[in-house]
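I am opening a notebook on a structure that I have not looked at before. I will write down what I look up, one topic at a time.

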2 protein chains.
Amino acid sequence: MFSPLYRQIKELMMRALGAGEWAPGTSIPSESELAIRFGVSQGTVRKAIDEMAAENLLVRRQGKGTFVASHNDPRSFYRFLRLTPDDGSARQTRSEPLSCRMVAATDTVARVLQLQVGDPVILVERLLRFDGEPVVYDEIFLSAEQFQGLTLDLLKESERSLYSVFESEFGMRMIRAEERLRAVGAEGRACELLAVPEGSPLLLVERVTYTYGDKPVEWRRGCYATGNYHYFNELS
Amino acid sequence: MFSPLYRQIKELMMRALGAGEWAPGTSIPSESELAIRFGVSQGTVRKAIDEMAAENLLVRRQGKGTFVASHNDPRSFYRFLRLTPDDGSARQTRSEPLSCRMVAATDTVARVLQLQVGDPVILVERLLRFDGEPVVYDEIFLSAEQFQGLTLDLLKESERSLYSVFESEFGMRMIRAEERLRAVGAEGRACELLAVPEGSPLLLVERVTYTYGDKPVEWRRGCYATGNYHYFNELS
DNA sequence: AAGTGGTCTAGACCACTCG
DNA sequence: GAGTGGTCTAGACCACTTA
């Protein structure tokens, strides 16, 4: 199987990232240093970095260096949240964790997170508010093994996004996600928390989030109240 | 305002595309020919093409050449349709045009398509079926000026996608779109055509589609029945 | 064999940041 | 001014397609 040099370099760099050699938010070695380290020309390293930058794994800053993308960076606090106010105005987004407990993996959760049915899983409930208004109710499932010690208090302490906490406290970096959307009728907790009548239409967003090596580490079921907000997507 | 050479080349090539110098589905000149034509090195042309290929405007095929992306290509018949069966199986997708008539632009349509309120607009109604099952009901608004002569018969004749007809018959190439999604209760025609009860949740997808030069040429309101299907999106 | 895009190199110079 | 990423070049060679 033929693989060009720059992809092999990329693979090596991905492993370095996965192994934590370069921490989120910090700069990686300069292109010329990497070229020497890997024994290739600078242009080849550059092409590897190009691809990783296109995938939002690295961020280039001219004159300063190349940095490992981080959910701690305010610029990417809610990087995966595609919900936007209809009028386009900026809102203050705040995450309100409601509960955090251990449950047994159901069929779906086990399949998605590559666990056995009944394996311990952490379930986090949380509410997302835009300017105080409750807009998203999330149920978040995490493999217990990798998030040992996660508590409601820990989540509440932080003013940052969830992924930011996962990154800082558990060394777990979320790099990619898949979302599946459908319209459903409101029921149960979502009704109360989002203050909408039973049966009223909600946008159900199911998300699988992956870390390095395409390993799924989070499954999320979010109910979005799309009265004054919409899910935005660009196609090309 | 500084702009690197390869972006200027890209701009020239975009104009050539917009002017119809290179038709969809055909190959553009080779990199070396373009390098001579624009008086730059091959590497610079290459970088311009790289960006355009990343935006799905061009398609490279090693050994053959670089081709202008086309909606006539079966590989991109429903390029912008993100609805997928829950079980992942392939379905036969068929577009069933229902009506095609002239209407006056409402506020929203005028704003989105950059027209005056009351300007003539073509409204197409159509149903999308997956393996015969009605799944999407679309209302499609097109600036009448640019789609003169569009008739229901013309749409019915074609076994291809709408954008394919637009491209072949009107020289209008859809290259990019923005979608805004929300959950709504079913009402009116959508109820009957999708065979769902009044008020049942539907995914409302509003799409603005652009041609070269970021010119909006289509506004679409689609009601998606997401009982056995979901809207799929990748985040990174 | 000829022509296309794809990779890789080495070197020059530009734009930006920071001390 | 020194160091970083960003651009541009020229040339060599590889991989793929077609005839």
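**Entry 1: the surface near DNA strand C.** I began with the residues of the surface near DNA strand C, which divide into 4 nonpolar, 9 polar and 7 charged. I keep in mind throughout that this is a predicted model. Of the 20 residues around this strand, I noted that Leu5(A), Ser41(A), Thr44(A), Arg46(B) and Arg60(B) come nearest. When I looked up which part of DNA strand C comes within 4 Å of the protein, I found that sugar and phosphate account for 84% of those atoms.

I then asked which elements each supply at least two residues of this surface. They are helix H1 (5-18) and helix H3 (42-54) of chain A, together with H2, S1 and strand S2 (65-68) of chain B.

Three single distances to DNA strand C went into my notes as well. An N or O atom in the side chain of Tyr6(A) is 3.0 Å from a phosphate oxygen of the strand. On the side of the bases, a polar backbone atom of Gly63(B) lies 3.0 Å from a base nitrogen, and the side chain of Gln62(B) has an N or O atom 3.5 Å from a base nitrogen.

**Entry 2: the surface near DNA strand D.** I turned next to DNA strand D, which is surrounded by 20 residues, the closest being Arg46(A), Arg60(A), Leu5(B), Ser41(B) and Thr44(B). The residues of this surface divide into 4 nonpolar, 9 polar and 7 charged. Among the atoms of DNA strand D within 4 Å of the protein, 83% belong to sugar or phosphate, and the rest belong to bases.

Here the elements that each supply at least two residues are helix H2 (31-38), strand S1 (58-61) and strand S2 (65-68) of chain A, with helix H1 (5-18) and helix H3 (42-54) of chain B.

What does the side chain of Lys47(B) approach on DNA strand D? I found one of its N or O atoms 3.0 Å from a phosphate oxygen. I also recorded that a polar side-chain atom of Gln62(B) is 2.9 Å from a base nitrogen of DNA strand D, while a polar backbone atom of Gly63(A) is 3.0 Å from a base nitrogen of that strand.

**Entry 3: helix H2 of chain B.** I looked up the buried residues of helix H2 (residues 31-38) of chain B, and they are Glu31(B), Leu34(B), Ala35(B) and Phe38(B). They lie on the same side of H2(B), because they cover an arc of only 105° around the axis. I set beside this the general point that an α-helix has 3.6 residues a turn, so residues three or four places apart point the same way. These buried residues pack against H1, H3 and strand S1 (58-61) of chain B. Just after the helix, Gly39(B) takes a positive phi of about 70°.

**Entry 4: two positive phi values outside glycine.** Asn56(B), a residue other than glycine, has a positive phi near 65°, and I located it in the loop between H3 and S1 of chain B. Its relative accessible area is 35%, so Asn56(B) is partly exposed. Asp131(B) is not a glycine either, yet its phi is positive at about 50°. I placed Asp131(B) in the loop between strand S5 (120-130) and strand S6 (133-143) of chain B, and at 48% relative accessibility it counts as partly exposed.

**Entry 5: strand S9 of chain A.** Is strand S9 (residues 215-224) of chain A mostly covered or mostly open? I found it mostly covered, with 8 of its 10 residues buried. Strand S8 (residues 201-211) of chain A pairs with S9(A) in the antiparallel sense over 9 bridges, and within S9(A) the bridge partner of Val208(A) is Trp219(A). The hairpin of S8(A) and S9(A) has 3 residues between the strands, and there Gly213(A) takes a positive phi near 75°. Strand S6 (residues 133-143) of chain A is also antiparallel to S9(A), joined to it by 7 bridges, and Asp138(A) stands opposite Gly222(A) in S9(A).

**Entry 6: a residue of chain A that touches chain B.** My last look-up was Glu234(A), which sits in strand S10 (residues 229-235) of chain A and counts as partly exposed at 46% relative accessibility. Glu234(A) touches Arg82(B), Arg176(B), Ala177(B) and Glu178(B). With the side chain of Arg176(B), the side chain of Glu234(A) makes a polar contact at 3.0 Å.

How values were computed
Residues are numbered from 1 along each chain as its sequence is written. Chains are lettered from A and ligands numbered from 1 in the order in which they are written. This is a predicted model: local features need pLDDT of at least 70, side-chain atom pairs count only at pLDDT 80 or more; totals for chains, interfaces and linings use all residues. Side-chain values use heavy atoms; hydrogens and water are left out. A residue is near a molecule or strand if one of its heavy atoms lies within 4 Å of it. A polar contact is a pair of N or O atoms within 3.5 Å; within protein, one must be able to donate a hydrogen and the other to accept it, and residues adjacent in sequence count only if both atoms are side-chain atoms. Helices (H or I, at least four residues) and strands (E, at least two) are DSSP runs, numbered from the N terminus. Ala, Val, Leu, Ile, Met, Phe, Trp, Tyr, Cys and Pro count as nonpolar, Asp, Glu, Lys and Arg as charged, and the others, Gly among them, as polar. Buried means under 20% relative accessible area, exposed over 50%, partly exposed in between (1.4 Å probe, protein chains only). Two strands pair if DSSP finds at least two bridges between them. The arc is that of the directions from the helix axis to the C-beta atoms. Contact means heavy atoms within 4.5 Å.
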